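Thanks for asking me to look this one over. My notes are below, set out point by point.

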Amino acid sequence: MFKINQKHTITLDFAPTSVAFSPNGPFMAIGGFEEDRVFIYELSDTPKLVHTLKMAWASCPPNSIVWHQEKLYVVGDGATNCYIWDMFSLKLLNEISLSKSLSQIKSISLAEDKLLIAGQTKYGEEHKPDLHIFDLVGKPITALSSGSFLEVAGWNGSKIWSVFNSYTDHQVHLVIREIDLTGQCSNEIHIFDGETKDIRIDTYAGIGYITANVVNQDTSVIAKINEWSIVQDDTNISAFVPLNDNKLILDVFNGNYFEVRALDLIDMTTVTLNQSRKSGSSLGIASDHAKFLAITRDNQVLVFEVC
């Protein structure tokens with residue numbers, strides 16, 4: 001039987017909004033509100049803070065963290081800069097600034113040793129590139145336009161998925177626009193009829209997954225790109241992460257408390273793994289896709305062992 005057992009509780013003096021596991025070793029990166037730093041914890045028997053990485057001061061706490069190979073990629077909330085650290089030397093390798101192109105960065109993702117930074121262009125400049133591809137140390141490779149006012153974007157190295165609410169003919173649709181690396185739209189997928197918010201995207205083994213919450217309803221949308229989409233009532237998804245080929249882990253607020261649920265991608269059933277009555281928002285979730293899962297709660301990060 002699939003289950004999770006709580007292994008660690010990391011208590012902080014701020015509200016964590018993003019977490020990421022090291023791909024090589026028992027370490028975790030944590031960022032959160034009212035902080036311009038990223039905190040590195042060693043997940044020993046008793047987790048301990050071992051490093052602090054300083055960002056340039058701004059009112060943009062880190063809310064997107066990706067740990068790829070031995071490099072850490074961090075973007076602040078509403079910011080236009082992406083920081084890249086070498087985790088061997090703990091030196092800042094690069095600070096990519098897209099302030100001339102974007103009003104804010106919406107998402108970052110890595111595939112085939114390349115970094116995709118997606119964002120929203122400035123008002124009146126919707127025709128300009130909003131998809132920027134770099135090598136792993138931040139050297140520009142190409143820039144493309146999604147042709148939309150995107151909310152998030154992800155990719156598998158050959159296809160980019162731009163996700164947005166499409167407002168046409170007094171109707172709203174949740175749409176995925178599939179774009180190749182020449183900037184051509186090869187496919188447009190209508191996922192849901194209605195306006196959505198809290199749109200998130202993640203990939204596993206080259207496959208893209210999306211979650212979104214329906215505006216003014218306790219309803220969520222979950223999609224596996226180019227394959228299926230489902231609607232779940234009485235559900236508000238705060239965060240999600242693919243655990244493996246067969247399961248998505250959902251962090252759900254059901255109106256009274258947060259639940260960690262596993263969605264089986266074979267029979268499409270869900271199982272509740274953990275419940276918490278803590279009242280703070282949950283914005284961060286991470287998995288090492290093997291043994292551990294981490295979820296933020298109030299001023300804590302809960303680390304679970306996957307059994």
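The points that follow go from the whole chain to one strand and then to three single residues.

1. Please keep in mind as you read that this is a predicted model. The secondary structure comes to 28 strands and zero helices. The radius of gyration is 18 Å, close to the 19 Å that the globule rule gives for 307 residues, so the protein is as compact as a globular protein of that length.

2. On overall dimensions, the C-alpha atoms fill a box of roughly 55 × 45 × 30 Å along the principal axes. Of the 307 residues, 53% count as buried. The accessible surface comes to about 13800 Å², and carbon and sulfur atoms account for 46% of it.

3. Two further whole-chain values may be handy. If you take the contacts between residues at least 6 apart in sequence, 40% join residues at least 24 apart. As for charge, the protein has 24 positive and 37 negative charges, and their mean positions are 5 Å apart.

4. Strand S8 (residues 81–86) deserves a look on your screen. Six of its six residues are buried, so S8 is largely enclosed by the rest of the structure. In a regular strand the side chains alternate between the two faces of the sheet. For S8, one side carries Asn-81, Tyr-83 and Trp-85, while the other carries Cys-82, Ile-84 and Asp-86; both faces are covered.

5. Which strands pair with S8? One is S7 (residues 71–76), which runs antiparallel to S8 over five bridges. Here Lys-71 stands opposite Asp-86 of S8. The hairpin of S7 and S8 has four residues between the strands, and in it Gly-78 takes a positive phi near 75°.

6. The other partner is S9 (residues 91–97), antiparallel to S8 over six bridges. In this pairing, Asn-81 has Ser-97 of S9 as its bridge partner. Four residues also lie between the strands in the hairpin of S8 and S9, where Leu-90 takes a positive phi near 60°.

7. Now to Leu-273, which you will find in strand S25 (residues 270–276). Is Leu-273 buried or exposed? With a relative accessible area of 17%, Leu-273 is buried, since that label means under 20%. The C-alpha atoms of Leu-273 and Val-260 are separated by 5.4 Å, although the two are 13 residues apart along the chain. Leaving aside neighbours within four places in sequence, Leu-273 is in contact with residues including Phe-2, Lys-3 and Ile-4, and also with Ile-249 and Val-260.

8. Asp-264 belongs to strand S24 (residues 258–264). This acidic residue's relative accessibility is 18%, and Asp-264 counts as buried. What does Asp-264 touch, not counting residues up to four places away in sequence? The answer is Asn-246, Lys-247 and Thr-269.

9. Last comes Gly-284, in the loop between S25 and strand S26 (285–287). Gly-284 is buried, with a relative accessible area of 2%. Not counting residues up to four places away in sequence, Gly-284 touches Thr-17, Ser-18 and Val-19, along with Ala-294, Ile-295 and Thr-296. From Gly-284 to Pro-23 the C-alpha distance is 17 Å, with their positions 261 residues apart in sequence.

Terms used. Residues numbered from 1 in each chain as written. Predicted model: local features only at pLDDT ≥ 70, side-chain atom pairs only at ≥ 80, totals over all residues. Heavy atoms only, no water. Helix = DSSP H or I, 4+ residues; strand = E, 2+ residues; numbered from the N terminus. Rg over C-alpha atoms; globule rule 2.2 N^0.38 Å. Buried < 20%, exposed > 50% of the residue type's maximum accessible area, 1.4 Å probe, protein only. Contact = heavy atoms within 4.5 Å. Areas by Shrake-Rupley, 256 points an atom, 1.4 Å probe, with all protein chains shown as cover. Lys, Arg positive; Asp, Glu negative; His and termini not counted. Charge placed at Lys NZ, Arg CZ, Asp CG, Glu CD. Pairing = 2+ DSSP bridges.
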